[in-house]
Amino acid sequence: MELLLSLTIGVLVATSTYLMLDRNVLRFLFGLVLLSNAVNLVIFAAGRLTAGAPPLIDAGEYAPTGVVANALPQALVLTAIVIGFGLLAFTLALVYRTFMTLGTVNSDEMRIAEPRDGRDEDTGRLGLGRANPDKPATGQEAGI
Amino acid sequence: MADDYPKVDRVMGGPAGWISVAFPAILFLYFLGWLPQIAQGPQVHGFDWVPSLGVRLSVLLDGLSLTFALLITGIGTAVTLYSARYLGQHPDYPRFVSYLLMFMVGMLGLVLADNLIALFVFWEVTTIASYLLIGFNADSAKSRRSALQALLVTGTGGLILLAGIIVIGNVAGTFELSQITQQGDLIRAHPWYLAILLLFLAGGFTKSAQVPFHFWLPNAMAAPTPVSAYLHSATMVKAGVFLMARMNPALGGTDAWFWILTLFGGVTAVFASVMALRQTDIKQVLAYTTLMALGTLTMFLGAGTHYAIMAAMLFLVVHSLYKAALFLMIGIVDHATGTREAGVLGGLSKAMPLTGLAAAMAAISMAGIPPMVGFIGKEFMYKAGLGLGGFGAFWVTVMAFAASVMMFAVGGIVALKPFRGDLRPTPTEAHEGPWPMLAGPLVLGALSLIFGLVPGVLGYYLVGPATHAVFGEVRPVHLYLWGGFNMALVLSILTFVAGWLLYRRHEAVRAGLMRFESRNPVDFDAGWDRLLEGFKAMAAWQTRIIQNGDLPRYMAVTFATFVVLVGGTFILRGAFATGVGMTTDGVHPIQWTVLALIIAGAVLTVMTHSRMTAVAGMGAAGIGVALLFIMFSAPDVAITQLLVEVLVVVLVSLAMLRLPYLPRRTKGGFRTGHAVIAGGMGLITTLLMTSMLAGAFDPRLTQFFEAASYPEAFGRNIVNVILVDFRTVDTFGEIVVVAIAAIGALALLRGGSPRSRTDAEKEG
Amino acid sequence: MITELVVSFFVISGGIFCFAAGLGLLRLPDLLTRMHASTKAGTLGSGLILVAVAINFAEGTVIARAVAAILFLLLTAPVAAHLIGRAAFRTGVPMADRTECEPGVAEALRERPGEKAPE
Amino acid sequence: MQSLILTTTTRLLAALLLMFSVYSLLRGHNLPGGGFIGGLIGATAFILYTIATSVDEARTALRIDPSNLAMLGLGVAGLSGLAAGFFGQPFFTGQWLFLFQDGDSYLPISSVLFFDIGVYMAVFGGILTLVFAMEQEI
Amino acid sequence: MLDYAIILGFALVILGVTLAAIRLVRGPTLADRIVALDAMTVQLVSFGGLAALQAANAGFLDVAVVLALVGFLATVCLARYLERRILLAAEDLT
Amino acid sequence: MSWLLVYPILIPLFTAVLAYLFRNSPAGRWISVVGTLALLLASVMLMSEVLDQGVVAGQMSNWDAPFGITLAADLLGAVMVVITAITGLATVIYTLAEIPERLEKLGFHALLQTLLMGVCGSFLTGDLFNLYVWFEVMLISSFGLLVLGGTREQLDGGIKYVLLNLVSTIMFLAGIGLLYGMTGTLNMADLHLAVRQVENQGLLTTVAVMFMVAFGVKAALFPLFFWLPASYHTPPVAVSAIFAGLLTKVGVYALIRMFTLIFDQDVGFTHTLLLWLAVVTMVTGVLGAAAMNDFRRILSFHIISQIGYMVLGLALYTPLGLVGAVFYLVHHIIVKANLFFVAGVAKRIAGSTDLSRIGGLYAHAPVLAFLFLIPAFSLAGFPPLSGFWAKYVVVKAALDLEMWFVAGVSLAVGLLTIFSMTKIWGAAFWPSHPDGIKPRLSDIPTGERMALMLPIVALAALTCIIGLFPEPFVQFAERSAQQLLDPTEYVTTVLGVQP
Amino acid sequence: MNLFAINMVLAFAWVALTGGMTLGGLLTGFLVGLAAMWVVRPLFPETGRYFLRLYYWARLIVMFVYELVISSLPVVRDVMTPGQASNPALISVPLTVTSDLQITLLANFISLTPGTLSLDVSKDRSTLYIHAMFADDPDAIRAQITNRFEVWVREATE
Ligand code: NA
Ligand code: NA
């Protein structure tokens, strides 16, 4: 199982890296979600795997009676999931706001802070405030 | 420049003026008082500054430092007095004075320091002060350029010098000059000797403007005249000479020392003399003669014999006296007539007799005519040159002769021509300067004469001890005006003859030089500009390449760095290992399915061109991960994972309402380079995981938690007990993240809504 | 032993319903028919397995949680189906050709009563 | 979202969810659950409420600004850790009070529980802040 | 016997999830995907129940309870997205 | 346990809570000021305790190390907390005049306080996973601060900052997972012992490099620094200042901590790698600064270059090298924050930070000019200011190891630093304003002027004090370097036993 | 409803008396309380309706489970067997129930019963639109809903 899990994590990392290299920031976000999952699995697996024995102490006992799963990585993963969620939520808001302000989710069109010619330049393409009206959404597209 | 500013009503610069004059004057008297003691031998005083780094604020008082201290304070008094009148009504005069005093402190510290690090500290103080003073007329682009040039050239030298200081400190085991100079043999024999020498000379040559680092000095004349007189002729530029002199006992006496110093010094002296002839602005003429003097001093320090060093020390004093006087004089002329052009000025002795007197005394000394002290200086140089053996004697003597001839001519140009003949019309009507401005040149000129008449005093109190300090051993020093008829005198006479001829024909010579220069490809000043432009272009190019504003590129580099460094280390360090669970034996079909679900979700997310499908894919992968958590006994984690998945869907489905669709397949196809990086990331992760899982696991922590959870922390859910008791601080930080993420997002979203934007506009 | 038998029965029949839900989702021709499979069979299957859990543990708190889960499933499944079905209909998701439509129903479903997109 | 069926179900469901969230919070020390899970479930109750009605109604029902609630949660968590200081113990050391102790059954009141309540509030408030903001601005 | 029943149950449920996942991938409309995701969450409730039976630990039951509760929320949000997106798209067109 | 360890975390927390609850009233900002003052007080008390007793450690929740979470302050940690408090206080005072009420109502002060909390937590924690948590607290606060206000520049810069930092965070987390899987522990002192038991030392080195990359992003090492110049010039100046001062230093701190306490088993490999990264970082950073034409962008690139010096000090891994690293850290925080403060005032009175669009500050704002020169020359390494000693020590450490090339590069970079500092001076201060504006400090209302200038004056004074009386600071750095190079005291104190 | 409250109070009293604070204890207490109230029903004038309501609720639940199981079978059969036996249709059902709760209960009841799926309620709450999978005879479906489901729901809630 360890081998297969490692391979799965590898695939998760590879796919998420590919997504994070996309110029479309939304794809980056998708990659981020997958990568967080992969890393959570890394931590989880690092504490070694135990099937079917959650780290709970039965009523009337003072300690787990048999072998139970390693509780520490579970706690760590839980924390990491929550933190990851917080970061993701903020990033989503940031992407949303950026799109509303700059009119793009393509990072190669975000050249305000580092303008191409060394000057602040508004190309006019930016700052539309909402989705590009040249390419309106259609009902069919809404289905996807 | 001195006139075109709004005047502030201050008498003699106000309090700032009086303080600025009193400070050097009092110090001058104080140092004078030390003369008799130091004539007996050097003294070291001092206290710790940064003992951990071996840095002390120790003072080495010997002939050399005292000579310099007297020049700094003495000429400093003349210059500050002069400035109080010259710039006293300038709105920025107080700033000017503070820079000047800062410089003075730096310069004094430099020459008095016994500790090399302390010397360096003061060295840099003079650099900064010089930068601020050259740029004093900040509105002029030329001033700013010159200031920067001076700063960078001397700054470069300074930093190289610092390296030299550190290395010599490592070799000698101390930074104290008084101890380092005792270890000359050890240092000269050390394998790093040549490196140390070159590092020190780089510092000295840049500061003292030796060719090819000379170009900043004439430009530095953009500074107000008192600054030129003080820094760029009498004091700061001599710091480099001082350094070489100071290090002579430790570094001197080798072939390398001899040849480098005499060659650079000689070339600088002759080159500067020629350039001096070529100028029309008298201040520029003087600037180049300063350069010539610096070259000469360097050359004689390089020559290294007792006589040569004595000649150098004597010339040091001589030059400071006449050059400061001349600079101040030209300032008065400029002030009075509005021009400094040699071709325009003439017959000023009628309108400005005292100025003419001062100029005459200084110029005669410069020309080396008896009975001025300048004559003695020149004689001793010839004697020293002739006293060397072999090619050295030839080189030094010829260079000294050539330079002296041209100095003679220049003396005529700057002090004879403007004052002789009929008064010529000038931009403003010529009039005699005020006493505070005249006092300095007159006193300095008079000193040139007095020391020429009684050279013994100079020799006993100043030149002797200084020579002793530089040469390293005590030998008698005897200065005299008349040394009998000898080879040196012959050379002197030849100098006068050749000099006079040159003076008579200098207009023609100048024209020739200017023609030559217009075809001269080697223009150091323009080269400087090209260097700077080239550097800036290189910097801009590099930055465009690296910081190009393209996020995917940043990401790619970041991930690629990870792949290369971590992957490379993995291979180089042979980290691969294999062990438990590295087969597919006993993997339950359910587990296969769950892993397949995760992979399918991830692949779907990558492949799809529909964002909601991507969200679904992420969801599937997330659910698969939750299933893994369930299978491997982590109900709390599974619950949390599922809850978070749901919340992500909630938030994403809200945001996606406005966010744009993903681009269609036509745009942005398969990215091979990115795929390679991504594959590398995946591969490395897998390898790291398998290798890590192959090792043994130390369950200490978990065993403790299992044992303590109920009896000591009263909880049966070990995971929750870890979260709220064993590792509370983690959870504490975690909720801060959640709360702050929410507040941050709220601010981001609300700050952008039309409603609050109007609020912002109302606020202004 | 009897308990084990009963539990096994519930587990397997629950599994069959869950499987049927998945299969229906894949096989049935259009969205709305697929929803029949997923809503009903899925809910029933999960419910049966939860019943099995309740019987197996036979503890108050476990029964309570199992009952709660079943109750939640029964409460939410139809609402979810209603929302998806309505939304799908309004967004023009195609239906199987055989679907018969009583007059006026399609128009009534497409109508969006008074709801405006937030601005 | 206008739907009679949704709105009616939500009345019941939201109440159930809130109850369940408190239940999760309270027994998290012994069984799966805890402040975070509880807070999340509580938040879903209000998210559902928001969807079925509107943000404004949900805000009114909540009475307190969710972002304030989140920050108060941080404060409560911090104070629960501070409690140990009064007994000369390190930060966050659990302080336990066993009420109605009778053999093996008792009602424990502890600083750990208060910490978990802080977690609950922070998570609950934080998530609602996010959702309300998104819902309102989009 | 129960062990075998549980494994069989697991197998059936996981097969069901897989089939739903195929529908998730295949679509073709977003509505189909939402239905698939909804079905998967409901099936996962069974998964939690089965895990509880297998581990003889009711802890996993909580996974089931929570999922039954909040899986619904995701579905509601997605369905709402579906409707509102059309509304907004219609506005964009006009 | 000393509660002094907890206060630097708790005080900002409660300040944040209160400041947020009172965000709509002026009380909010004064709560922030008072809270930061209290933080300063607490951090100074902690410092004096560390100076008295050596390493101070405390077990949170009263569980022994390595089971519970340890907070520990050695000299480095304590001084970083003090500097954090100083910078924080300066920033808070500065914001009184610089941050508009609109941003305060959005929770500016709460974000600032949690930023301080995260930074202090990072410096004080003795647990690797806990370090991750504090990093995240710091990061999310910085995200919020960076884009607060939401101008177009901020959003663009913010996207790059956020996304690149998220990547680094995840790498960090993965590293923790791997290290935990190999050693079974998270306590840093315990890790110091545990890494020696690891059989697969090659894997350990690999994981070490992984941490190097992750912290390399945080510290802005080449070639991982992109997020910094992309974003630091975009937020309000006070935010830039505290970011520039503190944030990258947390990355450097983490590198120092990890590569002295835990990863010291393959120094020949890891530290050599660090050395070359540091050298290239110095060069690229300073070249970037030379290429820029904006006050704040120049300063931003300089951060990178200076980070190179600090990491170089660590990479040399000699006592003197670490002295340099520690001294540099402290010096740079003060100086860099101050330069950004000056940039803010310059922008306020001259209208821009674009060097081609401002001027006249020398003539009309002489006080500001003077106060610029101090940190600027200090940054450029001119004696007798603090930066000189920092640079001197690092260069000497390199020369002591006969690393001529490295020392040469350090000196050359010093020269280029001078170049770009004078570029600002020669463009914004000396020449007159292109629009004929006379930028005067007196144009700012008195109260605001006080708020703006007080931090600048105080930090400049601090720079001068360190420069003129460096001995106690050098001695401190030496003791600190000893603690770092020989972590026995740290480990013993944390674990409570002789290892 | 206040009778229900009294019943709950009795249940809690039972728990307090017996000391078994478990769900089972509570349920026992509820049943015991119910029995007690039935015994003393003359003291409560409205008890008759209360008991009736309980009965109707119980019937609704039982009928619901019955319908759920019974009508699942054709769906499962259709899914499991090759080919498509279904004959789907969109049908409108006039409503006789009026309150929110009743409409919702009915709609959910219909949805959970295999073969039919409530899609929406008309704006004037007079019609329910459903999708039926085996709609060979729409009127039969309408009749079943009106005559059985609506009655059960109404009786349980009025
Ligand atoms: Na750029
Ligand atoms: Na300018």
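Start by selecting residues 126-413 of chain F in this predicted model. Over that stretch the chain is 80% helix and 0% strand. Put a distance label between the C-alpha atoms at the two ends, and you should read 35 Å. The selection has a name in the records: an unreviewed UniProt entry annotates residues 126-413 of chain F as "domain: NADH:quinone oxidoreductase/Mrp antiporter transmembrane".

**The whole of chain F**

Now widen the selection to the full chain. Chain F carries 21 helices and two strands. Its radius of gyration is 21 Å, close to the 23 Å that the globule rule gives for 499 residues, so chain F is as compact as a globular protein of that length. If you draw a box along the principal axes, the C-alpha atoms of chain F fill roughly 70 × 55 × 40 Å. Colour by burial next: 77% of the 499 residues in chain F are buried. Of the contacts in chain F with a separation of 6 or more, 81% come from residues 24 or more positions apart.

**The sodium ion**

Stay with chain F and show ligand 2, the sodium ion. Which protein atoms are the donors of this ion? They are the O atoms of F:Leu355, F:Ile358 and F:Ala427, at 2.3 to 2.7 Å from the sodium ion. Along the sequence, these donor residues follow the spacing L-x2-I-x68-A. Click on F:Leu355 and F:Ile358 in turn, and you will find that both are buried.

**Over to chain B**

Which two chains share the most contacts? Among the 15 pairs of chains that touch, that place goes to chains B and F, which makes chain B a natural next stop.

Select residues 225-234 of chain B, helix α10. Ten of its ten residues are buried, so α10 is largely enclosed by the rest of the structure. Step along the helix to see them, including B:Thr225, B:Pro226, B:Tyr230, B:His232 and B:Ala234.

Then move to residues 43-50 and 55-61 of chain B, which are strands β1 and β2. The two pair in the antiparallel sense over seven bridges. They form a hairpin with four residues between them. Look in the turn for B:Gly54, which has a positive phi of about 70°. Beside the turn selection, check the pair B:Val50 and B:Val55, which stand opposite each other.

**A sheet shared by chains C and G**

Hide chain B and bring up chains C and G. No contact joins chain B and chain G, and their closest C-alpha atoms lie 19 Å apart. Chain C and chain F do not touch either, with 20 Å between their nearest C-alpha atoms.

Display the strands as a cartoon and follow the order β1(C)-β1(G)-β3(G)-β2(G): this is an open sheet of four strands with mixed pairing. Which strands stand at the edges? They are β1 of chain C (100-101) and β2 of chain G (116-121); each has a single partner strand, so one side of each is left without a neighbour in the sheet.

For the inner pair, select residues 89-94 and 127-132 of chain G, strands β1 and β3. These pair in the antiparallel sense over six bridges. Show side chains for G:Ser92 and G:Tyr129 to find one opposite pair, with G:Tyr129 in β3(G).

Now add residues 60-90 of chain C, helix α3. This helix lies across β1 and β2 of chain G, and runs at about 70° to β2(G).

**Chain E**

Select chain E alone. How many helices and strands does chain E have? The count is three helices and zero strands, in the order α-α-α from the N terminus on. A compact globule of 94 residues would have a radius of gyration near 12 Å, but chain E has 17 Å. The box for its C-alpha atoms, along the principal axes, is roughly 65 × 25 × 10 Å. Buried residues make up 80% of the 94 residues in chain E. Among contacts in chain E with a separation of 6 or more, residues 24 or more positions apart account for 50%.

**Last stop: D:Ser110**

Finish by centring on D:Ser110, in strand β2 (residues 105-110) of chain D. Is this residue buried or exposed? D:Ser110 is buried, because its relative accessible area of 6% falls under the 20% cut-off. Leaving aside residues up to four places away in sequence, D:Ser110 touches D:Gln95 and D:Trp96.

Note on methods
Residues numbered from 1 in each chain as written. Chains lettered and ligands numbered in written order. Heavy atoms only, no water. UniProt positions renumbered as here; feature names shortened; annotations may be inferred. Buried < 20%, exposed > 50% of the residue type's maximum accessible area, 1.4 Å probe, protein only. Donors = N, O, S within 2.8 Å, 3.2 Å for Na, K, Ca; no water. Pairing = 2+ DSSP bridges. Contact = heavy atoms within 4.5 Å. Axes fitted to C-alpha atoms, helices over the stretch in contact; angles between N-to-C directions. Rg over C-alpha atoms; globule rule 2.2 N^0.38 Å.
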